[in-house]
Amino acid sequence: MISQQQEKHIEHASPHATFAEGVISSLPIVIGYLPVAFAFGLNAVKLGYSPWEAVFMSCVIYAGASQFVITALLSAGMSIWVAAFTVMAMDVRHVLYGPALRHRILQRLPTRKTPLWAFGLTDEVFAAATARLAQNNRRWSENWMLGVAAASWISWACGTVIGALFGNGPLKEYPAVEAALTFMLPALFLSFLLASFKKRQSVVVVCALSGALLGLLLFSIPAAILVGIGSGCAAALFLAPPAMDQQREKSL
């Protein structure tokens, strides 16, 4: 833990990033989200959902690729409980994002702002925040996080609106274009992962990928996600303490 005197020193040494800077930092995410959300809105309408239902899912559930899964499961006749538990299993990794960020953040967090940006803590927002904290911890701020999270959420909702309005329109004859739009979400996250990747993290990445591959071969995609997360976290817990201590010493 750092003292109040150290916190004040950090605040005076480097001004925190603003909300506007967060919006600017979110542009790569926004560019990636718009076409993927467009594809989701288009796909949801094709599966029989109304435009309002598609937009509601994007605004409230806001689960990225999992929204494609839940709409497909429900349209195939699966019960809402099976669909809900499947998506929860796929997205259980989000439970770890908050503690992972909190472990890196040096500042105290005002409780009024934290729940707002925590709602928008998607894979890509988490990756952007991790990259910012790794590059310059003192420039990170909750206002910056709010800017990134808000702009990303709005872009996802707007993309869904446009896709839902298109319905079975102009892209009906171009399935390759729709498939390319869907691929942009994992491609965007991969770009953030590579940007924040460091040599000492190679063991963690290898363990996570190996666990995910094992889960996929033996069980299913949700199991692959869970096993991959568990393997990566176990490796990180085993290797991270010395590295984190060195990082905190350098930051202070």
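The paragraphs below go through a predicted model of one protein chain, from its overall make-up to single residues.

The secondary structure of the chain consists of 13 helices and 0 strands. Read from the N terminus, the order of elements is therefore a run of α entries from start to end, α-α-α-α-α-α-α-α-α-α-α-α-α. Of the 252 residues in the chain, 40% are buried. The chain exposes about 13,900 Å², and carbon and sulfur atoms supply 72% of that area. Contacts between residues at least 6 apart in sequence are mostly long-range: 81% of them join residues at least 24 apart.

Confidence should be kept in mind while reading the model. The average pLDDT of the chain is 76, and 72% of the residues score at least 70. Among the elements, helix α4 has the highest confidence, at 91, while helix α1 (residues 4-13) has the lowest, at a mean of 46. Within that region, the pLDDT is below 50 over residues 6-13, a stretch that has 10 contacts in the model beyond near neighbours in sequence. At the other end of the chain, residues 247-252 also stay under 50, and the model gives them 13 contacts beyond four places in sequence.

The interior comes next. The largest nonpolar core has 32 residues, and those touching the most other members are L101, W117, L121, W140, W144 and M145. Several helices contribute to this core: α3 (27-46), α4, α7, α9 and α10 each supply at least two residues. Helix α3 gives the most, with 8 residues. L121, one of the residues with the most core neighbours, shows how separate parts of the sequence come together. Leaving aside residues within four places in sequence, L121 is in contact with H94, Y97, G98, L101, F126 and M145.

Two of those contact partners of L121, Y97 and F126, also bring the text to the aromatic residues. How many aromatic pairs does a search of the whole structure find? The search finds 5. In one of them, the rings of Y97 and F126 have their centres 4.2 Å apart and their planes at 10 degrees; planes under 30 degrees apart count as stacked, so this pair is stacked. The pair links distant parts of the chain, with Y97 in helix α7 (residues 94-104) and F126 in helix α9 (residues 123-135), 29 residues apart. Both Y97 and F126 are buried.

W117 and W140 form another aromatic pair, with 6.0 Å from centre to centre and 80 degrees between the planes, which makes the arrangement edge-to-face. W117 lies in helix α8 (residues 114-119) and W140 in the loop between α9 and α10 (142-166), so the pair ties together parts that are 23 residues apart in sequence. W117 counts as buried because its relative accessibility is 4%, under the 20% limit. W140 counts as buried too, at 1%. Both tryptophans are among the core residues that touch the most other members.

Helix α10 also contains T160. Is T160 buried or exposed? T160 is buried, at 0% relative accessibility. The side chain of T160 reaches the backbone oxygen of W156 at 2.9 Å. Not counting residues up to four places away in sequence, T160 touches A37, F38, F40, G41, A54, V55 and S58. Of these, A37, F38, F40 and G41 fall within the residue range of α3 (27-46), while A54, V55 and S58 fall within that of α4 (51-61).

After α4, the chain passes through a loop to α5 (65-75), and Y62 is found in that loop. Y62 has a positive phi of about 50 degrees, although Y62 is not a glycine. Y62 is buried, with a relative accessible area of 7%.

S66 follows in helix α5. S66 counts as buried, at 3% relative accessibility. Which residues does S66 touch, not counting those up to four places away in sequence? S66 touches V87, M90 and D91. The C-alpha atoms of S66 and D91 are separated by 7.7 Å, although the two residues are 25 apart along the chain.

Definitions and conventions: Residues are numbered from 1 along each chain as its sequence is written. Side-chain values use heavy atoms; hydrogens and water are left out. Helices (H or I, at least four residues) and strands (E, at least two) are DSSP runs, numbered from the N terminus. Buried means under 20% relative accessible area, exposed over 50%, partly exposed in between (1.4 Å probe, protein chains only). Rings of Phe, Tyr and Trp (its six-membered ring) pair if their centres lie within 6.5 Å; planes under 30 degrees apart count as stacked, over 60 as edge-to-face and the rest as tilted. Contact means heavy atoms within 4.5 Å. Accessible areas come from the Shrake-Rupley method with a 1.4 Å probe; for residues, only the protein chains shown count as cover. A nonpolar core is a set of buried Ala, Val, Leu, Ile, Met, Phe, Trp, Tyr and Cys residues joined through side-chain atoms within 4.5 Å. pLDDT is the predictor's confidence in each residue, from 0 to 100. A polar contact is a pair of N or O atoms within 3.5 Å; within protein, one must be able to donate a hydrogen and the other to accept it, and residues adjacent in sequence count only if both atoms are side-chain atoms.
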